Structures are given as C-alpha cells and as structure tokens.
Amino acid sequence: MSSSVCPRLPNENDLSGEAAMPSRLILLDEWLFSHLQGEEGSEPQRQAYRILEEIERRCDRIAWRPDTPWARKAYKLMKDQRPEVRVASRLLQRLLRDPQKGVIPSSPAASAARSPEAWSSIPEEDRYLLEIYIDAGAELLVSTDQKLLDQLQRSFPEVRAQELEAFVRSYLTCLDGS
C-alpha cells in the first residue's frame with residue numbers, strides 16, 4: 001500500500017512558493033464501521049476501504065472527535081483481528097493519527113450558537129455528527145441515513161450532505177474509469 005505525501009498547508013512564513021494541494025474535509029458517518037467490518041457484505045466493505053485509500057491519495061481529510069459514538073466504533077474496529085478488517089483498521093488509524101488527515105475540531109463554539117429549534121429537529125443520536133461537521137468546518141457529510149439527510153436539508157440547508165451511494169459514484173469515479 002502506498003502512502004501519499006501531502007504538501008504542507010501554507011503559512012505566512014512559507015517562501016517556497018509551493019502551492020498546497022486543495023483538500024476536502026469530509027465527515028463519514030457511522031456506516032463506515034459496519035461496512036469496513038463486512039457487516040453489509042464484501043462489496044460495501046471493499047468500497048469503504050477504497051474510500052479511505054482515496055482520501056489518503058487525494059490528500060483529503062476526515063473530521064472526527066474523540067469520546068463520541070463514532071470514535072468508540074473506530075476503536076472497536078481497531079481491535080478486530082480478522083485479516084481483512086485489520087488492513088482497513090490500520091489505514092483508518094493512520095489517517096486519524098496524521099494531523100494532516102484526521103481533523104479534530106477544537107471547540108464546540110460554532111455549533112453551540114445554533115438555535116435550539118433547529119437542533120431539536122435532528123435525531124438526538126445524530127446531533128454529535130452535526131456538531132463535528134459545523135465545529136470542524138467540514139465540507140461534506142456522507143451518510144446512509146435518509147431520515148438524517150432529509151432533516152439536514154430542511155433544518156440546516158447550509159450543511160452539504162450526500163447519500164453514500166451518490167458519494168461513491170462521484171468520489172470513486174476516477175478509480176473505476178467510469
């Protein structure tokens with residue numbers, strides 16, 4: 001497996017003239033873990049792994065936060081000893097530990113400023129995902145939960161959310177040659 005090296009993010013002291021490769025900050029919701037563990041079958045497992053590989057290749061980033069249901073599922077995945085899952089969990093672990101790949105939002109200030117009415121429209125078990133998205137400044141939330149996607153569209157139209165199958169079609173297109 002080859003690892004891509006992403007250019008450093010530019011800063012005011014960087015005189016190299018080297019432009020940083022544009023990257024997207026993506027929040028993959030909890031489908032990622034059931035897919036990587038093969039619970040949905042071998043094709044979704046393969047697609048989930050390919051998404052992680054493509055995130056690494058494109059220098060995209062994953063938004064996440066410790067001490068959340070998402071993080072607990074990630075840690076559980078990392079304890080799975082099945083060979084096909086271990087390969088995927090190592091890749092995910094590498095992405096999350098790399099500060100250029102795994103983005104942990106520093107504070108919940110941005111999400112805390114939202115109206116209680118808007119928050120109450122989002123299923124309680126999914127609110128933390130929206131908090132991560134907002135606080136990290138993510139550009140895309142990828143979900144398999146149609147109820148969540150519909151509610152985000154109604155209550156948080158500024159949140160760019162995409163259903164997994166549509167994301168796979170667009171994100172993995174260059175790999176499939178289609």
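1. Asp-80 has 14% relative accessibility in this predicted model, and because the limit for a buried residue is under 20%, Asp-80 counts as buried. Its salt-bridge partner is Arg-82, with the closest N and O atoms 2.6 Å apart. Arg-82, at 36% relative accessibility, counts as partly exposed. The two ends of this pair therefore fall into separate burial classes, Asp-80 being buried and Arg-82 partly exposed.

2. The whole structure contains eight salt bridges. Salt bridges with shared partners unite Glu-54, Arg-57 and Arg-58 in one network. Within it, Glu-54 and Arg-58 form a salt bridge whose closest N and O atoms are 2.7 Å apart. These two residues lie four residues apart in helix H2, so about one helical turn separates them. As a general point, an α-helix has 3.6 residues a turn, so residues three or four places apart point the same way. Glu-54 counts as buried because its relative accessibility is 1%.

3. Helix H2 deserves a separate comment. It has 17 residues, and the span from its first C-alpha to its last is 24 Å, close to the 24 Å expected at 1.5 Å a residue. The buried residues of H2 are Pro-44, Gln-45, Ala-48, Tyr-49, Arg-50, Ile-51, Leu-52, Glu-54, Ile-55 and Glu-56. Charged side chains are included in this list, among them Arg-50, Glu-54 and Glu-56.

4. Which residue takes a positive phi just after H2? Cys-59 does so, with a value of about 65°. Cys-59 is located in the loop between helix H2 (42-58) and strand S2 (61-63). Its relative accessibility is 6%, and Cys-59 therefore counts as buried.

5. A further positive phi in a residue other than glycine is found at Asp-67, near 60°. Asp-67 belongs to the loop between S2 and helix H3 (69-79). Is Asp-67 buried or exposed? Asp-67 counts as exposed, because its relative accessibility is 71%. Cys-59, by contrast, is buried.

6. The loop between S2 and H3 also takes part in a long-range contact. Arg-65 forms a salt bridge with Asp-135, the closest N and O atoms being 3.3 Å apart. This pair connects distant parts of the chain, with Arg-65 in the loop between S2 and H3 and Asp-135 in helix H7 (residues 127-136), 70 residues apart. Both Arg-65 and Asp-135 are buried.

7. The sheet is open and has five strands in the order S3-S2-S1-S4-S5, with parallel pairing. Strand S3 (102-103) and S5 are the edge strands, each pairing on one side only. S2 pairs with S3 in the parallel sense over two bridges, and Ile-62 has Gly-102 in S3 as its bridge partner. Helix H8 packs on the sheet and touches strand S4 (140-143) and S5, its direction making about 150° with that of S5.

8. Strand S1 (residues 25-28) is covered on both faces: Leu-25 and Leu-27 lie on one side, Ile-26 and Leu-28 on the other, and all are buried. In general, the side chains of a regular strand alternate between the two faces of the sheet. S1 runs parallel to S2, to which two bridges join it, and Ile-26 stands opposite Ile-62 in S2. Ile-62 thus has a place in both pairings of S2, opposite Ile-26 of S1 and as bridge partner of Gly-102 in S3. S1 is also parallel to S4, with three bridges between them, and Leu-28 stands opposite Val-142 in S4.

9. Val-159 lies in the loop between helix H8 (146-155) and strand S5 (161-163). Since its relative accessibility is 8%, Val-159 counts as buried. Which residues is Val-159 in contact with, leaving aside neighbours within four places in sequence? They are Leu-130, Tyr-133 and Leu-152. Val-159 and Leu-130 are 29 residues apart along the chain, and their C-alpha atoms are separated by 8.5 Å.

How values were computed: Residues are numbered from 1 along each chain as its sequence is written. This is a predicted model: local features need pLDDT of at least 70, side-chain atom pairs count only at pLDDT 80 or more; totals for chains, interfaces and linings use all residues. Side-chain values use heavy atoms; hydrogens and water are left out. Buried means under 20% relative accessible area, exposed over 50%, partly exposed in between (1.4 Å probe, protein chains only). A salt bridge is a side-chain nitrogen of Lys or Arg within 4 Å of a carboxyl oxygen of Asp or Glu. Contact means heavy atoms within 4.5 Å. Two strands pair if DSSP finds at least two bridges between them. Axes are lines fitted to C-alpha atoms, for helices over the stretch in contact, and angles run from 0 to 180 degrees between N-to-C directions. The expected span of a helix is 1.5 Å times one less than its number of residues.
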